[in-house]
Amino acid sequence: MAFLTKLSKISPLARVCLSRCMSHVPENTVYGGPTPQTADRRVTLNQLKQKYKKGEPITVVTAYDYPSAVHLDIAGIDICLVGDSASMVVHGHDTTLPISLEEMLVHCRAVARGAKRPLLVGDLPFGTYETSTSQAVDTAVKVLREGGMDAIKLEGGSPSRITAAKAIVEAGIAVIGHVGLTPQAISVLGGFRPQGKNVSSAIKVVETAMALQEAGCFSVVLECVPAPVAAAATSALRIPTIGIGAGPFCSGQVLVYHDLLGMLQHPHHAKVTPKFCKQYACVGDVIKKALSEYKEEVNNGSFPGPSHTPYKMNPDDVNGFFNELEKLGLNKAASAATAAAEKMNTAQRPDTETS
């Protein structure tokens with residue numbers, strides 16, 4: 001009570017500053033989550049619905065840290081997915097199974113700091129929503145409350161997954177479903193294998209997608225299914241489908257950040273990029289070249305040169321520093337300092353004369 005009394009006496013400016021320190025909620029909003037949409041504000045579910053109704057494709061890309069999130073933000077991507085694929089492309093595992101909820105939350109928070117415009121969706125990692133609907137809701141709540149996400153994605157279409165999706169939606173959390181190749185179920189699927197290639201499997205993909213729609217999902221990811229199957233599912237649903245390795249007939253597309261940029265190669269595809277992925281850049285080659293050049297220049301002593309050694313002492317301070325080092329009995333250090341100053345002055349003279 002005493003705190004509230006003191007709070008009422010502080011200036012309006014101080015009160016605003018204090019409120020910002022006490023909450024991450026943006027100014028002029030009543031509650032957290034997506035704010036009204038403008039060119040530079042968070043994409044909302046309503047905006048995605050409008051794009052879907054107009055037949056405008058929805059763009060989705062994964063991100064796992066602040067830099068990748070900023071890149072997606074600048075590019076104007078609609079949905080930023082913090083995928084459990086981080087287990088593979090960031091942590092170096094062979095599957096998505098090992099990543100924990102705590103690790104996912106670290107990725108989610110970093111992405112939330114960098115991506116201010118895309119709708120933020122966090123994957124529920126393996127083992128965090130299968131036991132019960134209560135566990136599923138608790139995990140989803142953590143992803144939003146502690147991870148800063150706007151929605152969650154969960155894999156699979158078994159009755160228990162459908163029930164979990166429904167419970168999460170009823171808890172007030174937006175959900176994206178995921179059918180076809182579901183990487184968390186590789187032990188059942190027999191590896192990273194495409195789905196829907198025969199009649200029964202194809203019908204299952206469509207029926208599962210429809211069940212997720214009825215559970216309240218606002219979108220469904222279709223992974224690694226033939227284009228006719230994806231087209232059928234997209235036609236049968238009243239919500240957007242997001243394809244990955246599912247052809248051009250979905251409502252939108254998603255790719256893994258590292259794959260589309262050519263940063264590295266997925267271990268589950270025998271060290272090659274997935275067949276369905278188009279590489280829009282070869283960033284990995286650029287990185288390799290840059291690191292090799294850095295190593296070479298450090299080894300031959302050309303880096304750092306004068307242009308990357310910007311901090312200087314005037315001659316009087318150099319002499320004073322030399323004298324103080326000698327007083328301390330550090331004659332070798334004094335000589336090194338003087339030699340360094342002379343070398344830098346000599347290296348910089350051509351630049352001075354040229355200018």
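These legends walk through a few close-up views of the predicted model shown above. Residues are numbered from 1 along each chain as its sequence is written, and side-chain values use heavy atoms, leaving out hydrogens and water. Because this is a predicted model, local features need pLDDT of at least 70 and side-chain atom pairs count only at pLDDT 80 or more, while totals for chains, interfaces and linings use all residues.

**View 1. Strand 5 is covered on both faces.** Strand 5 spans residues 174-180, and seven of its seven residues are buried (buried means under 20% relative accessible area, exposed over 50%, partly exposed in between, with a 1.4 Å probe and protein chains only). On one side sit Ala174, Ile176, His178 and Gly180, and on the other Val175, Gly177 and Val179. Strands here are DSSP runs of E with at least two residues, and helices are runs of H or I with at least four, numbered from the N terminus.

**View 2. Strand 5 pairs with strand 4 and with strand 6.** Strand 4 (residues 151-153) runs parallel to strand 5 and is joined to it by three bridges; two strands pair if DSSP finds at least two bridges between them. Look for Lys153, whose bridge partner in strand 5 is Ile176. Between these two strands the chain passes through helix 8 (residues 159-170), making a right-handed β-α-β crossover (with the strands pointing away from the viewer, the path from the first strand over the helix to the second runs clockwise). Strand 6 (residues 219-223) also pairs with strand 5 in the parallel sense, over five bridges, and Gly177 has Val220 as its bridge partner there.

**View 3. Glu223 of strand 6 is buried without a salt bridge.** The nearest side chain of opposite charge, Lys153, is 6.4 Å away; a salt bridge needs a side-chain nitrogen of Lys or Arg within 4 Å of a carboxyl oxygen of Asp or Glu. For charge, Lys and Arg count as positive and Asp and Glu as negative, with His and the chain ends not counted. The side chain of Glu223 does make a polar contact with the side chain of His178, at 2.9 Å (N or O atoms within 3.5 Å, one able to donate a hydrogen and the other to accept it; residues adjacent in sequence count only if both atoms are side-chain atoms).

**View 4. Asp84 lies in a loop.** The loop runs between strand 2 (79-82) and helix 5 (86-89). Asp84 counts as buried because its relative accessibility is 4%.
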